[in-house]
Structures are given as C-alpha cells and as structure tokens.
Amino acid sequence: MKHARRFVAGTLAAGALALSLTGCGDSVDPIERLGRKTTQGAGTEEGSAKPSPTPSPSPSVGNASDEAYKKWGLTAPVAYAPKPAQKPQIPKAGPGKVPVIDRIPVPAGEKVVFLTFDDGAEKDPEFLKMAADLKLPISMFLTDNVASSDYGHFEKLRDNGSSSTINNHTLTHPNLRTLPFTAQKKEICDQQDRLEKRFGKRPPLFRPPFGNYNDDTLRAASECGVSSLVLWRVSMQINNFQYAEGSALKPGDIILAHFRGPSELKGSTETQMTTRMLQRIQEQGYRIGRLEDYL
C-alpha cells in the first residue's frame with residue numbers, strides 16, 4: 001500500500017511537472033500549435049471509413065535493415081529493447097479509476113525509453129518512410145479534430161511492421177480539468193468510439209491534453225474502456241530534450257514528441273526533429289522499447 005501511494009503521488013507530481021515542459025504542455029494556443037489548416041477535418045469520410053484489422057504485433061521491435069540508419073542521418077543503428085519476459089507490476093488505481101503512468105518501472109540497469117507522438121496535425125510522407133525504414137515502435141495518441149482529415153496516414157504508420165499503436169488523445173484537445181465529468185467523458189468516449197470504428201480496435205491507452213487531468217478524468221477514462229492514463233517525463237523540442245527533472249534520460253522514461261511540421265518547428269521537418277531525438281537517445285546509451293509491451 002505504501003508503494004502504491006508513493007507511485008500515485010509520484011504520478012500526480014509528474015503531471016504538474018509535465019506542465020512545465022513545452023510540447024503538449026506549452027502555452028501556445030492549441031489550434032495554433034496543432035496547425036490551423038488541419039482543424040477542419042473532423043467528421044470527414046476518412047474518419048468514418050470501415051475499420052481495418054489491426055495486424056498482429058511482431059515478436060520483437062527493431063527489424064530495420066543494417067543500412068537504414070545512414071539514410072536518415074544517424075551514425076549507428078538504433079538499438080531496440082526486446083519484449084520483456086513479463087510485464088512490470090504497475091500499482092492498481094482506486095476503484096472505478098485508471099492508473100496514471102509517467103515512467104515505466106524497468107529492472108535496474110536496463111536503459112530503455114519509449115517513443116510517443118501526439119495530436120496528428122502533421123502528416124509527412126517522408127516520416128512514414130523513416131518510421132518504416134527504421135521500424136520505430138511509436139505509441140500514437142491521436143486527437144480527432146486534427147488527425148481525422150487523414151486517418152489513413154496513421155494507419156500506414158501502424159501497419160509498417162514496427163508494431164506501432166494508435167491510442168486516444170480526445171476529440172478536440174481541451175484542458176480536461178476545466179470540464180465537468182460528463183464533458184470529459186464525451187471527449188474520451190467519443191474518441192474511443194471513433195478510433196475503434198476507424199481502426200478496428202478500442203485503444204487501451206489515453207493521454208490527456210497538456211497532461212492535465214483530475215479524478216473525473218480517471219473515472220471517465222475507466223468508464224470509456226481505457227486501461228491506463230499515460231503521461232511523460234521527457235519532451236522532445238526542435239533540437240533537444242526538455243526534462244521534467246534532472247538533465248538526462250532515466251530508465252523507463254516515456255518520451256513525448258508531436259506530429260508537427262516546419263511551421264511549428266521553426267523550419268525543421270518532422271524527420272529532422274526525429275533524427276535529433278534518436279541521436280540524443282543514442283548519445284545517452286539507451287534502447288527503445290515498445291510501450292505496450294510493458295503495460
């Protein structure tokens with residue numbers, strides 16, 4: 001019980017720390033940050049297409065060709081962590097709530113981190129090539145009003161052989177803490193329904209916009225069929241990481257990045273930003289794991 005209380009207290013504190021990170025916790029107007037040209041796509045035919053079955057996950061992540069890393073500006077192949085023999089123990093949440101996770105409890109000395117990308121405003125075909133070439137296992141958290149203009153883009157990313165996954169980031173990207181329970185539940189449940197209809201599977205993971213949540217969020221997520229609320233400890237900016245604590249990666253860190261283009265990245269492309277992110281991971285001697293293999 002004491003361990004569980006410490007874990008919950010830690011995750012609540014991390015939620016507050018997350019707000020200090022730029023990225024999903026920055027102070028820019030959400031629509032400006034997500035990209036104005038993508039905000040008109042909700043309810044399109046693409047968003048209501050017939051579901052395609054989710055491919056079976058590959059036995060392990062990271063089956064990139066030996067030469068793929070050179071093509072994308074890396075000096076060494078990306079190192080991947082194999083699927084663990086058993087999942088780590090995550091303390092259970094209170095009755096009727098989902099657990100909050102901001103770092104995965106990995107065995108001591110196991111230097112593994114996890115890639116997550118939010119929103120879905122940018123749909124760069126070059127990034128599809130990069131992710132497929134490198135077999136990056138990405139946990140996607142999609143917001144309907146920006147991603148639904150081309151859900152097919154994220155379907156391709158899911159189906160590229162990397163065992164990437166699609167998860168819930170609400171319908172319209174609001175600050176959930178400002179909404180009553182019924183409105184929060186609509187934001188979460190309706191996106192669960194849309195993603196299930198479009199992709200053939202109900203997402204198990206949910207990330208609240210800006211990292212903002214309260215007890216109503218945890219209850220609403222549980223009632224919508226979510227198994228875990230996922231935050232982060234590290235945010236990828238244009239060139240470097242921003243840390244919620246300290247100045248380096250820690251084992252089990254969940255890394256937040258965004259589907260963003262040059263207008264949000266001061267001229268950099270999504271692939272350039274991702275190359276820098278992978279370089280920072282390599283420089284610190286970490287491997288990349290698939291988040292869902294640990295949850």
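Student: In this predicted model, which residue follows H7, and what is the sign of its phi?
Tutor: H7 is followed by Gly200. The phi of Gly200 is near 85 degrees, and its sign is positive.

Student: How far apart are the end C-alpha atoms of helix H7, and what span is expected?
Tutor: Helix H7 covers residues 181-199, which is 19 residues. At 1.5 Å a residue they should span 27 Å. The distance between the end C-alpha atoms agrees with this, at 27 Å.

Student: What covers the buried residues of H7?
Tutor: The buried residues of H7 include Phe181, Ile188, Cys189, Leu195 and Phe199. Among the elements covering the buried residues are H5, H6 and helix H8 (215-223). The cover also includes the strands E3 (138-142), E4 (165-168) and E5 (205-206).

Student: Which charged end sits over the ring of Phe181?
Tutor: Phe181 is one of the buried residues of H7. The charged end over its ring lies 4.2 Å from the ring centre and belongs to Arg219.

Student: Is Ser148 buried or exposed?
Tutor: Ser148 lies in the loop between helix H5 (144-147) and helix H6 (151-158). A polar atom of its side chain is 2.6 Å from the backbone oxygen of Asp144. The relative accessibility of Ser148 is 0%, so the residue counts as buried.

Student: What kind of aromatic pair do Phe127 and Phe259 form?
Tutor: The count of aromatic pairs comes to 7. In the pair of Phe127 and Phe259, the ring centres are 6.2 Å apart. Their planes stand at 85 degrees, over the cut-off of 60, so the pair is edge-to-face.

How values were computed: Residues numbered from 1 in each chain as written. Predicted model: local features only at pLDDT ≥ 70, side-chain atom pairs only at ≥ 80, totals over all residues. Heavy atoms only, no water. Helix = DSSP H or I, 4+ residues; strand = E, 2+ residues; numbered from the N terminus. Buried < 20%, exposed > 50% of the residue type's maximum accessible area, 1.4 Å probe, protein only. Polar contact = N/O pair within 3.5 Å; in protein donor to acceptor, adjacent residues only side chain to side chain. Expected span 1.5 Å × (residues − 1). Contact = heavy atoms within 4.5 Å. Phe/Tyr/Trp six-rings, centres within 6.5 Å; stacked < 30°, edge-to-face > 60°. Lys NZ or Arg CZ within 6 Å of the ring centre and 35° of its normal.
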